[in-house]
Amino acid sequence: MTMLKDPSVKYRAFPQINLPDRQWPSRIITKAPRWLSTDLRDGNQALIDPMGAEKKTRFFDLLVKVGLKEIEVGFPSAGATEFDFIRNLVDSGRVPDDVLIQGLTQSRQDLIERTFEAMAGAKQAIVHVYNAVSPLWREVVFGMDQKDIRAIAENGAKIIRDQIAKYPQTQWHVEYSPETFSTAEVDFSIECCAAVMDILQPTVDHPIILNLPATVEAATPNIYADQIEYFCRNLPGRDKAVISLHTHNDRGTGVAAAELGLMAGADRVEGCLFGNGERTGNCCLVTVALNMYTQGIDPELDFSDIDEVIQTVEYCNQLKVAERHPYGGELVFTAFSGSHQDAIKKGFAAQERRNDQLWSIPYLPIDPADLGRSYEAVIRVNSQSGKGGFAWVIEQDQGLKLPKRMQAHFSRHVQELADELGRELQAADIWDVFRRAYRLDEPQRFQLIDWEEGRTPDGTRLFAGKIGVNGQEQSVSGKGNGLISSVVATLNESFGVSLEVRDYAEHSMGKSSDARAAAYVECVLPDGRTVWGVGIDEDVATASVRAVLSAANAV
């Protein structure tokens with residue numbers, strides 16, 4: 001079977017919501033919502049091998065550590081493993097006083113009662129009850145009409161009301177989900193929610209949570225936002241309800257749907273760290289939270305050690321966080337492209353010159369350091385990289401800030417190595433080729449042994465020193481207008497090496513009192529060839545002398 005030439009014979013566009021005066025497009029998100037992690041329930045049921053008690057406990061501790069205050073810990077009626085884990089959380093005192101655990105249940109008496117048994121005795125807990133309301137589920141799955149579906153919701157609410165009275169030692173909260181909300185008539189979802197509210201009698205101080213899930217993401221995020229705004233406008237007793245969003249990612253826009261849903265009036269976001277969940281996954285809490293962070297909003301979740309979070313999530317889920325996953329992926333702060341690398345390198349230089357703390361770096365919407373990442377991997381070098389890439393690596397790895405024209409000169413050596421190896425170059429690879437290209441290690445024709453600088457009576461600079469020439473020490477001297485020119489004169493007069501200095505640069509390699517200095521000299525030979533020399537020493541003047549000798553060794 002192949003894809004249809006005319007998919008309209010099989011599929012229909014999702015109908016729009018009649019909301020001509022919609023307000024959400026002009027709104028912005030200004031504060032963090034309430035967050036609920038469903039990693040231990042929705043995320044867990046989506047795993048090939050569900051987590052056991054050890055992994056669920058480790059994951060629970062991570063969620064508490066990053067700041068989650070509402071955690072759906074399981075489906076207590078699903079079996080002994082789920083029930084015992086939740087019961088142990090309560091009995092062991094592992095749940096902090098400011099954290100609400102949540103248990104999910106279908107709207108059936110035996111399952112609701114089992115859910116209360118699992119969480120009874122907790123300081124505070126949320127019972128999350130649901131039943132599907134959309135036409136497809138009503139007609140195909142259940143064979144019921146709207147009246148029957150509403151009765152299921154009402155009956156569940158009455159059972160919950162009785163169970164709350166049975167366990168007064170716990171402060172109970174209720175969440176009701178008209179499951180399949182995203183594909184249901186919004187007015188019927190409002191009808192079911194209002195019926196549940198009539199029975200449970202929430203108040204402004206103790207509201208009910210109404211979860212409006214995109215159980216199956218079937219439309220663009222703007223339509224979901226319209227559904228949320230319409231619901232919020234027309235729900236009786238809106239001020240007595242917390243509107244929660246549970247988006248799935250079937251169309252790849254679960255995060256966008258959640259963000260637009262918040263703009264449309266919702267108060268709470270449900271999801272999993274890095275978006276694990278059924279089918280294509282749930283809304284990624286990390287992405288939504290850090291999207292807010294990049295807009296200057298405190299998400300009230302702490303991902304300042306993103307790698308520790310990833311390590312725990314990957315261990316518990318046995319699923320890898322993709323290299324390109326927003327914010328957390330191994331490569332999301334990495335540039336291989338030459339033009340990207342050059343822009344990032346210039347951005348960091350400009351950042352250092354500015355007096356404010358405002359983050360403004362090309363291609364990096366967030367500072368990797370805020371998430372515990374170093375800058376070492378921001379730029380990585382392969383055959384696609386430009387001179388800015390390896391220059392950044394050399395600077396980060398060795399502290400050398402190569403002059404612009406030297407970057408171009410060195411780039412040929414780097415590209416040759418990248419083409420030869422056919423892989424990404426590590427910092428050690430680049431440093432090795434740099435040392436070879438500019439003769440920093442192996443014995444050379446000219447090697448500095450000792451030197452001193454003086455002045456003649458007429459003010460001319462005088463260089464006098466001892467230079468090893470092919471392993472033999474030789475005393476030499478020369479005069480010039482400055483130190484560099486006097487060394488050049490010495491090489492010409494003593495050894496017949498003719499160099500014309502075109503450019504010179506130097507800088508400190510660090511900020512401490514014992515920081516070394518680096519010097520770079522660009523020279524032209526009589527035949528027109530350009531050679532570069534590099535010198536490194538604790539003394540900047542000595543580094544300059546070494547740089548000239550380095551250039552001479554290229555002759």
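Begin by selecting strands β9, β10 and β11, which form an open sheet in that order with antiparallel pairing, where strands are DSSP runs of E of at least two residues, helices are runs of H or I of at least four, and both are numbered from the N terminus, and where two strands pair if DSSP finds at least two bridges between them. The edge strands, each pairing on one side only, are β9 (446-455) and β11 (472-480), and the twist averages 20 degrees from one strand to the next; axes here are lines fitted to C-alpha atoms, for helices over the stretch in contact, and angles run from 0 to 180 degrees between N-to-C directions. This is a predicted model, in which local features need pLDDT of at least 70 and side-chain atom pairs count only at pLDDT 80 or more, while totals for chains, interfaces and linings use all residues. Residues are numbered from 1 along each chain as its sequence is written, and side-chain values use heavy atoms, with hydrogens and water left out.

Zoom in on β9 and β10 (residues 461-469), which pair in the antiparallel sense over 9 bridges, with leucine 448 opposite isoleucine 467 in β10. Next add helix α16 (residues 483-495), which packs on this sheet and touches β9, β10 and β11 (contact means heavy atoms within 4.5 Å), its direction making about 125 degrees with that of β11. Helix α17 (residues 540-552) also packs on the sheet, touching β9 and β10, at about 130 degrees to the direction of β9.

Now select β12, β13 and β14, an open antiparallel sheet of 3 strands in that order, whose edge strands are β12 (500-509) and β14 (530-537), with a twist that averages 15 degrees from one strand to the next. Strand β13 (residues 516-524) pairs with β14 over 8 bridges, and glutamate 522 stands opposite tryptophan 532 in β14. Helix α14 (residues 404-421) packs on the sheet, touching β12, β13 and β14, and its direction makes about 110 degrees with that of β14.

Stay with the aromatic rings, for which the count comes to 11 pairs, where rings of Phe, Tyr and Trp (its six-membered ring) pair if their centres lie within 6.5 Å, planes under 30 degrees apart counting as stacked, over 60 as edge-to-face and the rest as tilted. Phenylalanine 410 and phenylalanine 434 form an edge-to-face pair, 5.2 Å centre to centre with 90 degrees between the planes; phenylalanine 410 lies in α14 and phenylalanine 434 in helix α15 (residues 427-437), so the pair ties together parts that are 24 residues apart in sequence.

Finally, select helices α8 (residues 221-234) and α9 (residues 254-263), which pack at an angle of about 35 degrees with their axes 8 Å apart.
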